[in-house]
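Grab the model and work through these exercises with it open. Each one sets a task, then walks through a solution.

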Amino acid sequence: MQVLRMRIIMHVDLDAFFAACEERERPELKGLPVVIGHDPEKGKGRGVVSTANYKAREYGIHSGMPISKAYSLCPAAAFLPVNFPLYYRVAEGVMKILRKHADKFQQISIDEAFIDISSAESFEKAAEAAARIKQEIETTENVTCSIGIGPNKLIAKTASDFQKPQGLTIIKPEEAQAFLSALPSRKLYGVGEKTDKALKELGIETIGDIANFDVQMLQSMFGRWGTELHFLAQGLDESEVEESEGIQSVGRNHRCNSGRPGCNSC
Ligand SMILES: [Mg+2]
């Protein structure tokens, strides 16, 4: 008889990554609000914020916001252009560390990866590994991350978003349903602004509401995506961590919760 091994999946998400890379290179930025994106040109600039560090977020600045708005919220912030070569270099160092700890490794964006760590055999051991990984990333690459651990990719990714920055959230299989249920519907994998608005019109506020909603009604509203939504809201996700080199294109279920393409601020 085949014994099914419990899956333990970790999702690692670097904190305010672009800004963190700049802070690492320029110690004079320490403690300052840092905004990465287009030149604000003293409030007249066009374009948007790519990433804001946590200090800048205290002023209400967030990614996707017009840079002119960010400037009006905090003219004293350090505004820096995007420097991809630097971010790729730092990310490569981080991913090398993650790969070393993984049974299976899958990078899904410049600053996010899944690792299958089922060989740890318990969530306690996986949590210890996560603490070591966080330490190693900080010591070696001088950036921080948030980690979520769960029985599948869906729960792990949702968990890494739960406490940021520098969070470590562990959701055991028996806790998964309750953990998800209480979260706002917008926090479910793949639910962007548009879907969330439609859900709100159905009176849906939480992921639990989606799970309890009539699946056929969701189907008639959203087509196949409605069925998938209902499935995901139960905390179900069978997808494997797919071994990969470099950044893979990602399916609709594995995009950033914010719904913003290329979001690096989560
Ligand atoms: Mg991130």
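**Exercise 1. Find how far apart the two domain centres are, and how the domains touch.**

Start with the centres: taken over C-alpha atoms, those of domain 1 and domain 2 are separated by 26 Å. This is a predicted model, where local features need pLDDT of at least 70, side-chain atom pairs count only at pLDDT 80 or more, and totals for chains, interfaces and linings use all residues. Residues are numbered from 1 along each chain as its sequence is written, and side-chain values use heavy atoms, with hydrogens and water left out.

Next, the bounds: domain 1 covers 9-15 + 84-175 and domain 2 covers 18-80, as set by an automatic or database domain assignment. Now the interface: 12 residues of domain 1 are in contact with eight residues of domain 2 (contact means heavy atoms within 4.5 Å).

**Exercise 2. Describe the largest pocket and say why it lies between the domains.**

A pocket here is an open set of points on a 1 Å grid over the protein atoms alone, where a 1.4 Å probe fits, with protein on both sides within 12 Å along at least five of seven lines; lining residues have an atom within 4 Å of a point.

Step one, size: the volume is about 550 Å³, that is, the space filled by probe spheres set on the points, which are joined across faces, edges and corners.

Step two, the lining: 19 residues line the largest pocket, with Ala 20, Glu 23, Lys 30, Asn 142 and Thr 144 nearest its centre. Two elements, H1 and helix H2 (54-57), give two or more residues to that lining. H1 supplies the largest share, at four residues. Helices (H or I, at least four residues) and strands (E, at least two) are DSSP runs, numbered from the N terminus.

Step three, chemistry: sort the lining and you get eight nonpolar, five polar and six charged residues. Nonpolar covers Ala, Val, Leu, Ile, Met, Phe, Trp, Tyr, Cys and Pro; charged covers Asp, Glu, Lys and Arg; the others, Gly among them, count as polar.

Step four, location: domain 1 and domain 2 both give residues to the lining, so the largest pocket lies between them.

**Exercise 3. Check the span of helix H4, then find what its buried side packs against.**

H4 (residues 84-101) has 18 residues and reaches 26 Å from first C-alpha to last, close to the 26 Å expected at 1.5 Å a residue; the expected span is 1.5 Å times one less than the number of residues.

Now list its buried residues (under 20% relative accessible area; exposed is over 50%, partly exposed in between, with a 1.4 Å probe and protein chains only). They are Leu 86, Tyr 87, Val 90, Ala 91, Gly 93, Val 94, Met 95, Ile 97 and Leu 98. Their packing partners include strand E1 (9-14), helix H1 (17-25) and helix H5 (123-141).

**Exercise 4. Track down the backbone oddities.**

Keep the background in mind: most residues other than glycine have a negative phi, and most peptide bonds are trans.

- Lys 164 and Pro 165 are joined by a cis peptide bond, omega about -10 degrees. Pro 165 sits in the loop between helix H6 (153-160) and strand E8 (168-170).
- Glu 121 has a positive phi, near 70 degrees. Look in the loop between E6 and H5; Glu 121 is exposed at 59% relative accessible area.
- Asn 142 also has a positive phi, about 60 degrees. Its loop runs between H5 and strand E7 (145-150), and Asn 142 is partly exposed at 47%.
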